[in-house]
Amino acid sequence: MKFCSECAHPIQKKIPQGDNRERSVCTQCGTIHYVNPRIIAGCLPTFEGKILLCKRAIEPRKGFWTLPAGFMEEGETLEEGAIRETVEEAGIDVSCDQLLTSISVPHISQVHVFFLANMPNASHAQSTSESLDVKLFDVKDIPWQEIAFPTVKKTLKHYLDDLDAGVLKTRVFDIKFNERLKVNT
Ligand SMILES: [Zn+2]
């Protein structure tokens with residue numbers, strides 16, 4: 001940010017009085033423009049034991065498979081965001097079930113949150129402007145080498161481990177920059 005969204009005057013980086021971090025502060029009106037982490041809400045939709053994945057039509061990671069997920073919009077709940085993204089990316093309506101993962105990714109200032117989601121039927125699943133392909137995968141056919149993001153890969157792995165163990169857990173953890181490289185190989 002270079003200019004104030006309130007008065008269009010230049011922004012300066014400085015630590016406001018009473019704060020302990022550098023912020024973007026307007027040189028004219030004094031407005032402090034806070035930048036905070038962003039939340040990505042998504043679903044792990046299942047149907048008759050299969051898992052729905054979307055092949056990304058847009059960068060980053062175009063052509064790789066992902067769970068439907070995206071940035072929350074203002075004024076919506078976490079579940080509403082997850083459901084909206086699933087409609088937008090896969091063309092299917094779902095209801096949110098258990099929270100599976102809440103993953104902090106501090107080096108990119110994001111938090112990724114995934115719900116298990118119930119698909120009443122799978123017939124509407126279709127490619128969209130955001131997905132080149134939308135497909136139900138048998139657990140054994142999940143394309144592990146072509147998963148778009150570490151948070152998606154970890155969510156899938158934890159879910160499948162829990163299925164084997166017979167108890168679904170909610171997991172709260174983080175992925176650090178170095179670990180991201182490990183998860184992706
Ligand atoms: Zn200003």
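This is a short exchange on a predicted model, covering its domains, a sheet, a core and confidence.

Trainee: What makes this a protein with domain 1 and domain 2?
Mentor: The domain assignment gives 1-35 as domain 1 and 38-183 as domain 2. Their centres, taken over C-alpha atoms, are separated by 36 Å.

Trainee: How do you know that strand E2 and E3 pair?
Mentor: Pairing needs at least two bridges between the strands. E2 (residues 23-26) and E3 have two bridges, in the antiparallel sense. Therefore they count as paired. Within E3, His33 is the bridge partner of Ser24.

Trainee: Why do strand E1 and strand E3 stand at the edges?
Mentor: The open sheet runs E1-E2-E3, with antiparallel pairing. E1 (11-14) and E3 (32-33) each have a single partner strand, so one side of each lacks a neighbour in the sheet.

Trainee: Which residues have the most contacts inside the largest nonpolar core?
Mentor: Cys43, Leu44, Leu67, Phe114, Phe115 and Ala117, in a core of 31 residues. Strand E9 (110-118) is among the elements giving two or more residues to this core. E9 provides its largest share, five residues.

Trainee: What does Phe114 touch?
Mentor: Leaving out residues up to four places away in sequence, its contacts are Gly42, Cys43, Leu44, Leu67, Ala69, Leu100, Thr101 and Thr155. The C-beta cut-off for a contact is within 7 Å.

Trainee: Where is confidence lowest, and where highest?
Mentor: Helix H3 (residues 177-183) is lowest, at a mean of 69. Strand E6 (residues 65-66) is highest, at 98. The protein's mean pLDDT is 94, and 97% of its residues reach 70 or more. Where pLDDT is low, predicted coordinates should not be read in detail.

How values were computed:
Residues numbered from 1 in each chain as written. Predicted model: local features only at pLDDT ≥ 70, side-chain atom pairs only at ≥ 80, totals over all residues. Domains from an automatic or database assignment. Helix = DSSP H or I, 4+ residues; strand = E, 2+ residues; numbered from the N terminus. pLDDT = per-residue confidence, 0-100. Core = buried A, V, L, I, M, F, W, Y, C linked by C-beta atoms within 7 Å. Buried ≥ 20, exposed ≤ 12 C-beta atoms within 10 Å, placed from the backbone. Contact = placed C-beta atoms within 7 Å.
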